[in-house]
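Reader: Hi! I'm new to looking at structures. Could you walk me through this one?

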Amino acid sequence: MTVATSYNVNGTTLLLVFVFVFAILRISHAADVPAVYVLGSSVVDVGNNNYLSLSLARANFRHNGIDYPNGISTGRFSNGKNIADFIAKKVRLPTSPPYLSLMGTTPPITGVSFASGGSGILNRTGVNYVQYISLAQQVEYFSMVSDKLIQQLGQSGAQMHLSQSIFTIFMGNNDISAYFTAGSAVSQQYTPQQYVDLMLSTFKGLLKMLYGLGARKMVVSGVGAIGCYPAQRKTNSTGECIVETNYWSARYNEGLKIMLQDLKSELLEMNYVYFDMYGAMINLFQNAQTYGFTDIKDACCGLGNLNADAPCIPTSNYCPNRKNYVFWDLLHLTEVVGSMFVDIIYSGTLEYAVPINMRQLIDVC
Ligand SMILES: *[C@@H]1O[C@H](CO)[C@@H](O)[C@H](O)[C@H]1NC(C)=O
Ligand SMILES: *[C@@H]1O[C@H](CO)[C@@H](O)[C@H](O)[C@H]1NC(C)=O
């Protein structure tokens, strides 16, 4: 009896070891890139802000995550997964974990996420959320990860690893929102053109720093049609998009497209995908029915006018049919939109992914 049990346990253990080894082999052989490093705002935050005790930009409570596996609230600003998860899935890697969850342990070799809800390109963007990781701070955190990589892999090993890795940067939505919000301090200080120029020059400097630290393959998103998010729509009595906010969202994106071209001519080994999130969103609004959306205006989760008078908090209402909504809450897209956008980034045409898509970016030697 005892012998049989112990034999059985050994058999099971052996089986588990095999399964485990095969799983590791599968992961290491199936992945298309060594790692994904993620920088950005709540669009791609997978839980960094859970570790910022003072931050008001948080999503680690219901109804966030209602469609995430097991319905758990992870800190993602979504009903389910977000863009960072879908990008990782495309390259067959696990989603890069939040940098702040690592607590000084060795970062996983498959990538780290520095993204933080509320943050922006400009250091001050996010002050209303009290605590956040600005893009400059995210780059600083990345430099610490890159130091650890050099210790692990050596200088040339780390350089090789990083040059093949994907850097995804989804930043800027909060900077534009901050300017076009009633009572905004920055709108007293800068004209919209000056502000957009400041965003672009700051972003350019930070991308150069990333390149200096070894980044070569970047996926950079433009801002969405910020004037069409429920937070902005609700300030228009007709419930339609705010024209000026959209105008400057598009102007910023035009500037970003040019800035990336310039940057590539300065940094010879840089390659990138620019994702036109604005264009992709407008297309989605215009062809809503084709994509199965029945509501492109209201937040699914929230309270009041357009469900946009409150964020998605436990006392908020939420819609039963998340797949038919574009917006999860007043400032964020639903999971299904995130998944559609990543399909465009990965295999889309020049319409929304320029000058190459992510599949082509991966193939660049
Ligand atoms: C932004 O913050 C970083 C530190 O994260 C600092 O090095 C940089 O000088 C700041 N930039 C400006 C314009 O204040
Ligand atoms: C509100 O929406 C209408 C269209 O219904 C548009 O003409 C108007 O410019 C919008 N208002 C603002 C402040 O953008």
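Author: Happy to! This is a predicted model, and we can chat about its ligands, a pair of helices and some backbone details.

Reader: Great, ligands please. Which residues surround ligand 2?

Author: The shell around ligand 2 is made of Asn-236, Thr-238, Glu-240, Cys-241, Ile-242 and Val-243.

Reader: And how do those residues divide into nonpolar, polar and charged?

Author: Around ligand 2 there are three nonpolar residues, two polar ones and one charged one.

Reader: Which polar side-chain atoms lie by an oxygen atom of ligand 2?

Author: Asn-236 has a polar side-chain atom 2.4 Å from an oxygen atom of ligand 2. Thr-238 also offers a polar side-chain atom, at 2.9 Å from an oxygen atom of the ligand. Val-243 takes part through its backbone: a polar backbone atom there is 3.0 Å from an oxygen atom of ligand 2.

Reader: How much of ligand 2 does the protein cover?

Author: On its own, ligand 2 has 360 Å² of accessible area, and the protein covers 48% of that.

Reader: OK, and what surrounds ligand 1?

Author: For ligand 1, the surrounding residues are Asn-123, Ala-136, Gln-137 and Glu-140. A polar side-chain atom of Asn-123 is 2.4 Å from an oxygen atom of ligand 1. Ligand 1 exposes 360 Å² when taken alone, and 33% of that is buried by the protein. By class, its shell holds one nonpolar, two polar and one charged residues.

Reader: Switching topic: how do people describe two packed helices?

Author: They give the angle between the two axes and the distance between those axes.

Reader: So what are the values for α9 and α10?

Author: Helix α9 covers residues 277–286 and helix α10 covers residues 335–347. Their axes are 11 Å apart, and the packing angle is about 125 degrees.

Reader: What do you call that arrangement, and which hand is the crossing?

Author: α9 and α10 are therefore oblique to each other. The crossing of α9 past α10 is right-handed.

Reader: Last topic, the backbone. Where are the cis peptide bonds you'd point out?

Author: One joins Arg-62 and His-63, with omega about 15 degrees. His-63 sits in the loop between β1 (36–40) and α2 (83–90). Another cis bond runs from Val-354 to Pro-355, where omega is near -5 degrees. Pro-355 belongs to strand β8, residues 353–355.

Reader: Why bother pointing those out?

Author: Because most peptide bonds are trans. Likewise, most residues other than glycine have a negative phi.

Reader: Then which residue here has a positive phi although it's not a glycine?

Author: Met-103 does, with a phi of about 45 degrees. You'll find Met-103 in the loop between α2 and α3 (135–164).

Note on methods. Residues are numbered from 1 along each chain as its sequence is written. Chains are lettered from A and ligands numbered from 1 in the order in which they are written. This is a predicted model: local features need pLDDT of at least 70, side-chain atom pairs count only at pLDDT 80 or more; totals for chains, interfaces and linings use all residues. Side-chain values use heavy atoms; hydrogens and water are left out. A residue is near a molecule or strand if one of its heavy atoms lies within 4 Å of it. A polar contact is a pair of N or O atoms within 3.5 Å; within protein, one must be able to donate a hydrogen and the other to accept it, and residues adjacent in sequence count only if both atoms are side-chain atoms. Accessible areas come from the Shrake-Rupley method with a 1.4 Å probe; for residues, only the protein chains shown count as cover. Ala, Val, Leu, Ile, Met, Phe, Trp, Tyr, Cys and Pro count as nonpolar, Asp, Glu, Lys and Arg as charged, and the others, Gly among them, as polar. Axes are lines fitted to C-alpha atoms, for helices over the stretch in contact, and angles run from 0 to 180 degrees between N-to-C directions. Helices (H or I, at least four residues) and strands (E, at least two) are DSSP runs, numbered from the N terminus. Angles under 35 degrees count as roughly parallel, over 145 as roughly antiparallel, 65 to 115 as roughly perpendicular and the rest as oblique. A crossing is left-handed if the near helix is turned anticlockwise from the far one by less than a right angle, and right-handed if clockwise.
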